[in-house]
Amino acid sequence: MLAPSYATPREKLSYFVFALFCALVFLFLIGPILVIMPLSFSSEPWFTYPLPGLSLRWYIDFFTDERWRIALQNSGIVALFATLIATGLGTLAALGLSRGNVPFAGLILSILISPMIVPVVIVAVAMFFGFAAVGLNNTYLGLILAHAILGTPFVVITVTATLTGFDRTLTRAAASLGASPWTAFRTITLPLIAPGVTSGALFAFVTSWDEVVVALFLASPDQRTLPRQMFSGIREQISPTITAAATLLVFFAALLMLTLELLRRRSERLRGTGG
Amino acid sequence: MAVAALPGEAGPDVDRTSLKTKLRRAERVNRARSFSLVAPLLLFVLAVFALPIGLMLVRAVENTEVRETMPRTIAALDGWDGQATPGEDVFAAFADELVQTQKDRTTALVGKRINYEVPGARSRFLKAGRLVDAGGGGPWREKFLAADPEWGSVEFWAIMKRAGATFTPYYLLTSLDLRQDAQGAVGRNFADQSIFVDIFFRTIWISLLVTLATLVLGYPVAHLLAILPPRHANVLMILVLLPFTTSILVRTTAWIVLLQSNGVLNDILLALNLTTERVQLIFNRFGTVLAMTHIQLPFTILPIYSVMKSIPPSHLRAARSLGAGPLTAFVSVYMPQTLPGVGAGCLLTFILSLGYYITPALVGGPQDQMVSYFVALYTNREMNWGQASALGAILLLITLALYALFNRLVGIDKVKLG
């Protein structure tokens with residue numbers, strides 16, 4: 001399938017080696033995730049194959065244990081509000097930048113993207129010092145603001161990408177037909193960029209949902225998030241409850257990926273650039 | 001959307017300059033409108049992100065401990081020539097201010113700051129605190145010298161005087177394994193404190209290893225994804241993207257379960273008789289690089305893939321039809337065209353690897369901890385915030401320099417997600 005029809009036997013062999021190598025890399029990528037999932041259904045608290053027996057006890061543990069429940073709840077609250085802030089501000093900024101007449105647009109874009117590049121420990125320590133001065137440490141607001149910052153680059157990138165294929169004559173047509181800028185935005189622009197906005201929001205949500213370093217510095221035990229709870233669990237002793245939490249998160253990730261793919265297809269269809 | 005209002009009844013002698021000004025004004029309004037869309041996020045990022053980082057950079061050179069608690073001692077030292085042990089005026093001010101720091105319980109704080117540069121100073125400060133607590137009054141110079149002849153050290157007082165300055169290069173110098181002696185000359189730091197250059201090189205070395213590993217593993221995969229028909233490629237793409245969207249903690253947990261000495265991989269090795277005893281695969285360099293490579297692999301693959309996707313397959317066929325062997329065609333026609341993708345993917349992975357903290361902390365040994373770990377350590381455990389900030393400042397500088405390079409070569413607006 002890979003080798004062209006004119007390939008010599010030696011070439012065919014090299015294509016085979018190439019395919020085998022790639023198969024091993026795919027195994028490397030997906031293997032660890034596949035190995036950890038069945039262990040969460042083990043009836044015994046050690047990590048060996050074959051499984052001694054099947055049980056849902058670690059899932060029951062996850063959903064009934066007070067600490068995990070609070071962590072799940074905190075993660076949900078923080079991620080939700082961080083996503084709302086990041087998506088709102090990020091979409092506005094992308095709309096502004098895409099109009100093509102903002103002075104120093106390149107510099108501004110670099111600044112807006114930089115939270116993605118700066119090592120997260122530096123962000124965490126800097127905010128730990130800075131937030132202490134204004135009393136934001138150990139508060140939900142502090143954690144939400146910090147996670148919103150980390151999420152905005154993703155929104156800016158995805159919305160900007162959607163806007164590069166955006167046909168500006170559409171909004172001009174709306175305006176010439178008497179629509180106010182707000183009506184034109186609501187009825188023309190927003191539906192067209194919605195897939196980009198949603199996938200940006202999903203990335204922002206996941207960024208907060210998975211974030212552990214900033215949470216370690218800024219959150220008190222009251223704001224303990226899911227990753228932080230997992231982190232302290234891994235540090236002490238990996239309990240199978242952690243593998244249950246991990247498995248749930250993998251399903252969450254798969255669901256997210258599916259949504260992103262559907263959004264991408266929808267966006268292509270709306271813009272008429274794909275099949 | 002703002003259209004320049006044209007003069008309603010413009011005659012043939014329409015005023016061109018006024019039209020030009022009006023157009024310019026309309027453009028200006030338009031620009032302001034665009035900027036007002038960007039401004040909220042820009043202000044948010046500047047206030048909540050850039051400002052705290054800026055303050056952290058200041059903290060790397062800030063020097064408040066002595067200046068705030070012992071201003072009169074520092075003022076008295078201003079008149080000191082630095083040739084011999086200072087006179088009674090310095091000691092009297094010092095004793096006076098020690099009484100105050102004893103009350104405020106800040107003696108240990110000042111002692112700790114001096115202790116960075118004069119080993120043993122902290123305990124001497126605490127003893128001096130007890131000495132002034134005992135009362136009795138001066139002359140203090142003799143009392144201090146009788147308690148500990150080290151109080152007569154000219155070097156100590158020179159460093160004390162320097163510690164009273166507004167800014168200090170101490171933390172930055174220490175981060176580079178350098179130290180300033182009492183006379184102000186910069187030289188190598190004491191051997192037992194010279195750990196940081198090693199840590200920076202280790203960080204760069206681990207990042208290079210990870211970058212190289214992701215390139216070697218990722219390049220063929222990107223090529224495969226680019227040449228397969230979309231139907232097959234999309235299925236395989238899921239295998240790249242699923243780890244990409246899975247939490248780093250989950251993947252790190254998976255590697256711990258796999259690699260630990262009674263873990264799955266050791267079970268397999270034993271079952272296959274490849275080893276006779278359990279191998280140490282984790283809490284060392286191998287485990288760190290392996291887990292980091294796993295996490296970074298999609299970041300390297302995706303930019304290479306998107307460049308490869310844009311190379312027409314006819315180029316390779318043309319090279320072959322012109323007589324090039326398969327290897328020559330690949331190396332001299334295909335590979336040079338993939339270089340932008342290779343550059344983007346590798347640079348991205350290298351930049352992100354430099355800042356790793358969680359993964360080495362969980363799967364690495366003490367010799368595999370990177371700069372980020374020490375930034376966190378000096379913040380949380382050692383409470384030496386100047387040192388944490390200085391290490392962070394240098395790491396930030398390296399990262400931003402590479403980010404600027406990335407921007408120059410690739411353009412941050414070209415980054416695509418998924």
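Colleague: What area is buried between domain 2 of chain B and domain 3 of chain B, and what share do carbon and sulfur atoms give?

Modeller: Start with the term. Buried area is the accessible area, taken with a 1.4 Å probe, that two parts lose on being put together, summed over both. Here that comes to about 810 Å², with carbon and sulfur atoms giving 57%. Keep in mind that this is a predicted model: local features need pLDDT of at least 70, side-chain atom pairs count only at pLDDT 80 or more, and totals for chains, interfaces and linings use all residues. Residues are numbered from 1 along each chain as its sequence is written, chains are lettered from A and ligands numbered from 1 in the order in which they are written, and side-chain values use heavy atoms, leaving out hydrogens and water.

Colleague: Where do the domains of chain B begin and end?

Modeller: Such bounds come from an automatic or database domain assignment. In chain B, domain 1 spans 17–59, domain 2 spans 65–193 and domain 3 spans 196–414. Ten residues of domain 2 of chain B and eleven of domain 3 of chain B make the contact, which means heavy atoms within 4.5 Å. The centres of these two domains, taken over C-alpha atoms, lie 48 Å apart.

Colleague: How many salt bridges and polar contacts are there between domain 2 and domain 3 of chain B?

Modeller: A salt bridge puts a side-chain nitrogen of Lys or Arg within 4 Å of a carboxyl oxygen of Asp or Glu. Between these domains the count is zero. A polar contact is a pair of N or O atoms within 3.5 Å; within protein, one must be able to donate a hydrogen and the other to accept it, and residues adjacent in sequence count only if both atoms are side-chain atoms. Seven residue pairs pass that rule here, both residues at pLDDT 80 or more.

Colleague: Which helix gives the most to the side of domain 2 of chain B that touches domain 3 of chain B?

Modeller: Helices (H or I, at least four residues) and strands (E, at least two) are DSSP runs, numbered from the N terminus. On that side, H5 (107–117) and H9 (170–175) of chain B each supply at least two residues. H9(B) gives the most, with five residues.

Colleague: Now the two chains. How many residues of chain B are in contact with chain A?

Modeller: 87 residues of chain B are in contact with 82 residues of chain A. The buried area is about 8000 Å², and carbon and sulfur atoms give 84% of it. The interface holds one salt bridge. Arg320(B) pairs there with Glu11(A), the closest N and O atoms being 3.2 Å apart. Eight residue pairs are in polar contact across the interface. Helix H1 (residues 16–59) of chain B gives the most to the chain B side, with 19 residues.

Colleague: Which side chains meet Asp96(B) in a salt bridge?

Modeller: Asp96(B) meets Arg72(B), at 3.2 Å from N to O. Asp96(B) sits in helix H4 (residues 88–104) and Arg72(B) in helix H3 (residues 71–78), 24 residues apart. Over all chains the structure holds nine salt bridges.

Colleague: What radius of gyration does chain B have?

Modeller: The radius is taken over C-alpha atoms; the globule rule is 2.2 Å times the number of residues to the power 0.38. Chain B has 32 Å, whereas a compact globule of 418 residues would have a value near 22 Å. Chain A has 24 Å, against a value near 19 Å for a compact globule of 275 residues. Chain B comprises 19 helices and two strands; chain A has eleven helices and zero strands.
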